[in-house]
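Subject: Structure handover

Hello,

Below is the structure I said I would pass on. My notes on it follow; please read them next to the coordinates.

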Amino acid sequence: MSVDQGTPPAPTTGRVALAGLRAALADTPPDLATVRELLDRVPDPLDLEAAGRLLRGARGRAALADADLPRTRLALLGSSTMDALPPMITAAAFRRGILAEIRMAGFNQWQLEIAAGAPELSTLRPRLVGCLLDDAAVFDRVADPVDLDEVEARCAAFPAELAAWVTAARDTLGGLVVLTTVPLGPLRSRRLVSYAARARLAAAWSTMNAGLAALAADLPSTVVLDHGDLAEAAGGIFADHRMRQVAGHAYAPGYLLAYAEELSRVAAADLGRAAKCLVLDLDNTLWDGVVGDVGTAGLRIGGSYPGTAHTELQRLALDLCAQGVLLAVSSKNDEPVAVEALDNHPEMLLRSAHLVARRIDWEPKAGNVRAMAVELNLGSDAFVFVDDNPVERELMRRMAPEVATVELPDDPAGYAAALAARGDFLVLSVTDEDRDRTTLYRRQARRREVEQQATSLADHLARLGTRLTVEPCTPVNAGRITQLFAKTNQCNLTGVRYGAGEVDRSGTDGAPTFFTARLGDTFGDHGLIAAIALDRATDGSWRIGNFVLSCRVFSRGVEGTLLGLVLRAAVAAGAPGVTGTFRPTDRNGRFADLYPSLGFHPTGDAGGFRHDLARLPDLSPFIEITHEPEVFRVG
């Protein structure tokens, strides 16, 4: 995750930043944090394009070849000139800690490239397929642009045409397809001389874009971006008239940069890089005033400005919480005084019951955030920090650069907008487990209390009354399976992060067969906590492509039980063995011995293991299996 994806505190001029970037890339190995910081401090689209070209150049590729960063592959298609996009996306993705390999089809070849079997793009095997169209994609098939009957018919037909293109693109390239609604250029409406005709065109165009937006729900593995959101971030949409005439540019550099930033957010969501926990300061952030000085009654929340601005931030935090974002507080205060204000101020929307962790003391906030990360079993790079004090923000950047620090404006009226605009928490879809995440973490705290009371591990596990249910992949749980592969880092045996396109094809078209598992206990439902990818080798053996397990259920024997059930299902299916691979990462070392502990033997291949199914491991006596034995069926 980028050190800071908001407006930096001290923007560097493009020339200085580019010089620094050249110097940083010349180091062996380069300091990745320095590279990201330099990119963060380049606000101008053209300067960022130049920075991206440095990253994509020979020196940049060589310097970053061995960088320990997640990687994605992106295919780009469109109906206008987009040469600036690959370097912009490269830079924007790197600011989020992602290395992007990008390939682009030729000018206005978006239809022909897919119809011809994607000769330019198919060998890339993209995870993301971005298609950016301008209004020419619609009007090129309109003979008379002032014939509103013809224009309306074309607008009505275009969503279905694009849906067919998406299906063909997914069949040809795979991956997640990212579309964007199409802005209407001013010359299209201004050529019409009646207000009635202009209104009619606007209505037809709006209905068409609504149909395009609906494709996100109608088609699997499809994301649709709203051009209005991009325009708001960019401050405009269209290229100047000369660039449109001379170079075929439809869009201004700022709009292309906004699109590149949004694609980088989609890439982060696809790779499970979305942030998970929002850490809020209290005094002059969550409310106006210093509670230790003015007391609960003296705080300004709601009512008139500036109280309304702090209420807006609280409401945003609660809306994020309702969609799965964890909330925490880090404040320099006396805890009883601050908690009394949280729970008793009559205008307070966000209460202590909404928090999964809090550190209200006089210690450095960077250390407190890292302590909360340990408490919640999350990486500290999953945290977003919001504080009105620029000194605290700078300390967080220096002492915990992996934490995303939000740069707030001086005026609290813009606090909520600044946080929302960043998109730190964007995911591909919100699941039931996301909506219930705060409850799940609070239940986890109660389980820890039971653990402290138990006389032994066996006593603790027996008290929990754990129930395990394995489910095959279905349209209902496919989003959660994709999310588990994307977000899980610790119990992730191979690091393979299957995308939505693969999960949606479970067991067909050469895709693995995917399964998930639900866990419950005395305290409630954990939700879907594991994902497994299985397929068959040429000798009929079952092959575990990857196995991931949520950190919420570690140390309960779940991983051994799930893999033990896979082994038993393979025996029942007559398979000669089961193979798996462990590829070490900086997060999964805890599970390096999982396969050997279950009777798998090294195969001689790097990280490879095989179980001959002669002697199966015992299942945990503390876990009740509640599904049918034949649930594992591998195509």
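Gly78 touches Asn108, Gln109, Trp110, Leu132 and Leu133, leaving out residues up to four places away in sequence. For one of these, Gln109, the C-alpha lies 6.9 Å from that of Gly78, with the two positions 31 residues apart in sequence numbering. Gly78 belongs to strand β1, which covers residues 71–78. Gly78 counts as buried because its relative accessibility is 4%.

Please keep in mind that this is a predicted model. The average pLDDT of the protein is 92, and 97% of the residues score at least 70. The stretch to treat with care is residues 1–11, where pLDDT stays under 50. The model has 47 contacts beyond four places in sequence for that stretch. Where pLDDT is low, the predicted coordinates should not be read in detail.

Overall dimensions

The C-alpha trace spans about 80 × 70 × 55 Å along the principal axes of the protein. A compact globule of 635 residues would have a radius of gyration near 26 Å, and the protein has 26 Å, so the two agree. There are 26 helices and 19 strands. Of the 635 residues, 55% count as buried. The exposed area is about 26500 Å², of which carbon and sulfur atoms supply 52%. Taking the contacts between residues at least 6 apart in sequence, 73% join residues at least 24 apart.

Helix α19

Helix α19 runs over residues 415–422, and its buried residues include Tyr415, Ala416, Ala418, Leu419 and Arg422. They cover an arc of only 165 degrees around the axis, so they sit on the same side of α19. Among the elements that cover the buried residues of α19 are the helices α13 (253–270) and α15 (307–322). The cover also includes the strands β6 (277–280), β9 (383–386) and β10 (404–405). Gly423, just after α19, has a positive phi of about 70 degrees.

Helix α11

In helix α11 (residues 227–234), the buried residues are His227, Leu230 and Ala231. Their arc around the axis is only 100 degrees, which puts them on the same side of α11. Asp229, Glu232 and Ala233 are exposed, on the face turned away from that buried side. The cover over the buried residues of α11 includes β4 (176–180), α10 (195–218), β5 (222–225) and α13. Gly235 follows α11 and has a positive phi, near 80 degrees.

Helix α13 is thus part of the cover for α19 and part of the cover for α11.

Two residues in the covering helices

Glu261 is found in helix α13. With a relative accessibility of 16%, Glu261 falls under the 20% limit and therefore counts as buried. Setting aside neighbours within four places in sequence, Glu261 is in contact with Ala92 and Arg95.

Gly307 is found in helix α15, which is among the elements covering α19's buried residues. Gly307 counts as buried, because its relative accessibility is 0%. Apart from neighbours within four places in sequence, Gly307 is in contact with Arg300, Ile301 and Gly302. Its C-alpha is 48 Å from that of Phe547, and the two residues are 240 apart in sequence.

Cysteines

How many disulfides does a search of the whole structure find? The count is zero. The cysteine sulfur closest to that of Cys155 is in Cys131, 17 Å away, which is too far for a bond. Cys155 has 2% relative accessibility and so counts as buried. Cys491 is also in no disulfide, since the nearest cysteine sulfur, that of Cys551, is 10 Å away and the cut-off for a pair is 2.5 Å. At 0% relative accessibility, Cys491 counts as buried.

That is what I have.

Regards

Notes: Residues are numbered from 1 along each chain as its sequence is written. This is a predicted model: local features need pLDDT of at least 70, side-chain atom pairs count only at pLDDT 80 or more; totals for chains, interfaces and linings use all residues. Side-chain values use heavy atoms; hydrogens and water are left out. pLDDT is the predictor's confidence in each residue, from 0 to 100. Contact means heavy atoms within 4.5 Å. Buried means under 20% relative accessible area, exposed over 50%, partly exposed in between (1.4 Å probe, protein chains only). Helices (H or I, at least four residues) and strands (E, at least two) are DSSP runs, numbered from the N terminus. The arc is that of the directions from the helix axis to the C-beta atoms. The radius of gyration is taken over C-alpha atoms; the globule rule is 2.2 Å times the number of residues to the power 0.38. Accessible areas come from the Shrake-Rupley method with a 1.4 Å probe; for residues, only the protein chains shown count as cover.
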